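Colleague: I'd like to learn how to read charged pairs and surface patches in a model. Could you walk me through them?

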Amino acid sequence: EEASGQAMAVDIDAMATTAKEGDDGSGDDSEDDDLDDEAMFRLDSMIAAQFQLRRQQNRKRRKEELLHFKFRVLSLLEDYVKVAAKNPKMVIVAELVLDSLSLSHTPDYHLEPKIVENLSRLAKKGI
C-alpha cells in the first residue's frame, strides 16, 4: 500500500509537470510555479482518470478474492462432510447447501456456475 501511495504521488507530480508543459511549453521544474486554471483542469481530469482506473482495479480484485473465498469455504465444507457425515448437525449443513442451490436459480441471486456445480456435487455426494 505504501509503495502504491508513493507511486501515485510520483504520478501526480508527473501529471502536474505535464499540465504545466501543456500550458506554456517551458517545462521548467521550479517549485514556485503555480498552475493556472487550464493546467489545474487538465491535472484534475488526469487525477480523476487515475482514481477511476484504481477503483475499477480494486473492484475486480475484490470480486476475484470473493470467488476464491467461496471456493475455500466449499472445500472446507466438503472436508467437514467427509469427516462428520454421521453427525446429527449435518442436517443444518444440508439445509444451508440446499437453500443456496435453490436460491441460485432465482434471478435476483447470482452464484458463479462453478460454485453452483460444487454445491450440487456436495449435495449429491455427502449430504
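Modeller: Happy to; we will take the charged pairs, then a nonpolar patch. Please keep in mind that this is a predicted model.

Colleague: What can side chains of opposite charge do when their charged atoms come close?

Modeller: Side chains of opposite charge can pair in that situation. Here the count of salt bridges comes to five, with 4 Å as the limit between a side-chain nitrogen of Lys or Arg and a carboxyl oxygen of Asp or Glu.

Colleague: Let's begin inside a helix. Which residue forms a salt bridge with Arg-61?

Modeller: Glu-65 does, and the closest N and O atoms are 3.0 Å apart. Both residues lie in helix α2, four residues apart, which is about one turn of the helix.

Colleague: And are Arg-61 and Glu-65 buried or exposed?

Modeller: Each falls in between. Arg-61 is partly exposed because its relative accessible area is 38%, and Glu-65 is partly exposed as well, at 43%.

Colleague: Where else should I look within a helix?

Modeller: Try helix α4, where Glu-117 and Lys-114 are three residues apart, or about one helical turn. They form a salt bridge with the closest N and O atoms 3.8 Å apart. Glu-117 has 43% relative accessibility, so it counts as partly exposed; Lys-114, at 45%, is also partly exposed.

Colleague: What about Arg-121: with which residue does Arg-121 form a salt bridge?

Modeller: With Glu-78, and there the closest N and O atoms are 2.9 Å apart. Arg-121 belongs to helix α4 (residues 113–125) and Glu-78 to helix α2, so this pair ties together parts that are 43 residues apart in sequence.

Colleague: Why does Glu-78 count as buried?

Modeller: Its relative accessibility is 15%, and buried means under 20%. Its partner Arg-121 is partly exposed, with a relative accessible area of 35%.

Colleague: Now the patch, please. Which residues form a nonpolar patch on the surface?

Modeller: Leu-66, Phe-69 and Val-73 do, and together they have about 270 Å² of accessible area. To join a patch, a residue needs over 30% relative accessible area.

Colleague: Let me check one member. Where is Val-73, and how accessible is Val-73?

Modeller: Val-73 is in helix α2, which covers residues 37–83. Val-73 has a relative accessible area of 38%, so it is partly exposed.

Colleague: So for a charged pair I read the atom distance, the helices and the accessibility in turn.

Modeller: That's the idea, and Arg-121 with Glu-78 is a nice pair to practise on, with its 2.9 Å between the closest N and O atoms.

Technical notes
Residues numbered from 1 in each chain as written. Predicted model: local features only at pLDDT ≥ 70, side-chain atom pairs only at ≥ 80, totals over all residues. Heavy atoms only, no water. Patch = residues over 30% accessible without salt bridge, like charges linked within 9 Å, V, L, I, M, F, W, Y side chains within 5 Å. Areas by Shrake-Rupley, 256 points an atom, 1.4 Å probe, with all protein chains shown as cover. Helix = DSSP H or I, 4+ residues; strand = E, 2+ residues; numbered from the N terminus. Buried < 20%, exposed > 50% of the residue type's maximum accessible area, 1.4 Å probe, protein only.
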